[in-house]
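Colleague: I should like to learn how to read a model of this kind, one feature at a time. Would you take me through the general idea and then the case at hand?

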Amino acid sequence: MTVPPGRRERKKAATRQKIADTALRLFLERGYEAVGIREVAAEADVAVTTLFSHFASKEALVFEQDQDFEQRLTQAVTGRAPDEPLLPALRREIQALVRHCAADGAAPIWHMIEASPALREYEESMRLRHAESLAAAIAADPGQSRTTTACRTIARFVIDAYALAREAPDPEAAVDEIFRMIEAAWEVASPSRRT
């Protein structure tokens with residue numbers, strides 16, 4: 001049974017969301033580079049220290065779903081049924097994430113990210129961190145017997161699948177195409193194929 005969050009947790013989550021929503025609105029209205037942290041805090045009616053207690057950096061304001069993204073991917077590995085294969089579970093999660101990020105209204109955010117060297121650099125470091133977290137979850141899976149290198153490689157492919165599909169004209173078809181290649185690579189990495 002899941003215990004609902006208490007009043008304090010709900011208030012913190014609401015403050016975090018208000019800061020993120022305010023920042024995104026300001027960034028899209030005026031441009032990411034033109035908006036400072038103090039402006040975001042003032043517009044969200046919080047202290048700068050409160051903003052930094054929720055977000056480690058200005059870039060983190062744009063990627064406020066970062067932790068949720070990472071948790072969803074690792075949960076796709078660790079939370080699947082014991083007899084469910086790994087890659088279909090990851091494909092489903094990537095499909096869901098891509099649908100969300102390719103939804104109407106997301107394009108201006110991705111254009112803002114592409115236009116900012118700081119945001120592109122932050123996204124790249126975030127993707128590497130997500131890949132390492134996903135690789136650790138795959139390697140820890142008792143049903144897998146691939147090498148650490150194979151787990152890390154597949155994890156990076158999965159993270160890249162998200163980025164590539166998000167940019168494709170038909171994101172869902174792109175996920176399917178990319179995952180066929182990932183499945184082939186995973187099969188090649190099978191212990192029975194390495195001898």
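Colleague: Over residues 13–73, what percentage of the chain is helix and what percentage is strand, and how far apart are the end C-alpha atoms?

Modeller: Please bear in mind that this is a predicted model. Over residues 13–73 the chain is 75% helix and 0% strand, with 22 Å between the end C-alpha atoms. The range itself comes from UniProt, where an unreviewed entry lists it as "domain: HTH tetR-type".

Colleague: Which residues does the "DNA-binding region" annotation cover?

Modeller: In the unreviewed UniProt entry, that annotation covers residues 36–55. The chain there is 75% helix and 0% strand, and its end C-alpha atoms lie 14 Å apart.

Colleague: How many helices and strands does the protein chain have?

Modeller: The count is 10 helices and 0 strands. The C-alpha trace spans about 60 × 40 × 25 Å along its principal axes. Of the 195 residues in the chain, 42% are buried. Contacts also tell us how the chain is brought together: among those between residues at least 6 apart in sequence, 69% join residues at least 24 apart.

Colleague: What is the phi of Asp-45?

Modeller: The general idea comes first: most residues other than glycine have a negative phi. Asp-45 has a positive value, near 60 degrees. Asp-45 is located in the loop between helix H2 (37–44) and helix H3 (48–54).

Colleague: Is Asp-45 buried or exposed?

Modeller: A residue is called exposed when its relative accessible area is over 50%. Asp-45 has 64% relative accessibility and therefore counts as exposed.

Colleague: How is the length of a helix checked, and what span should H9 have?

Modeller: One allows 1.5 Å a residue and compares the result with the distance between the helix ends. The 20 residues of H9 should span 28 Å, and the end C-alpha atoms are 29 Å apart, which agrees.

Colleague: Against which helices do the buried residues of H9 pack?

Modeller: They pack against H5, H6, H7, H8 and helix H10 (171–188). Among the buried residues of H9 are Ala-150, Ile-154, Val-158, Tyr-162 and Arg-166.

Colleague: Where is Ala-189 placed, and is Ala-189 buried or exposed?

Modeller: Ala-189 belongs to the segment after H10. The cut-off for buried is under 20% relative accessible area; Ala-189 has 17% and is therefore buried. The C-alpha atoms of Ala-189 and Ala-150 are separated by 6.3 Å, although these residues are 39 apart along the chain.

Colleague: How much space lies in the largest pocket, and which residues are closest to its centre?

Modeller: The largest pocket holds about 570 Å³ of space. Its lining has 30 residues, and those closest to the centre are Val-62, Gln-65, His-100, Cys-101 and Trp-110. Elements that give two or more residues to this lining include helix H1 (7–30), helix H4 (58–62) and helix H8 (117–140). By class, the lining divides into 16 nonpolar, 5 polar and 9 charged residues.

Colleague: What is the volume of the second largest pocket, and which element supplies the largest share of its lining?

Modeller: The second largest pocket has a volume of about 190 Å³. H7 supplies the largest share of the lining, 4 residues, and both H7 and H9 supply at least two. Cys-101 and Trp-110 are among the residues that line this pocket, as is Arg-166, one of the buried residues of H9. The lining comprises 6 nonpolar, 1 polar and 3 charged residues.

Methods. Residues numbered from 1 in each chain as written. Predicted model: local features only at pLDDT ≥ 70, side-chain atom pairs only at ≥ 80, totals over all residues. Heavy atoms only, no water. UniProt positions renumbered as here; feature names shortened; annotations may be inferred. 1 Å grid on protein atoms, 1.4 Å probe; cavity = no way out; pocket = protein on both sides within 12 Å on 5 of 7 lines; lining within 4 Å. Points joined across faces, edges and corners; volume = space filled by probe spheres on them. Nonpolar A, V, L, I, M, F, W, Y, C, P; charged D, E, K, R; others polar. Expected span 1.5 Å × (residues − 1). Buried < 20%, exposed > 50% of the residue type's maximum accessible area, 1.4 Å probe, protein only. Contact = heavy atoms within 4.5 Å.
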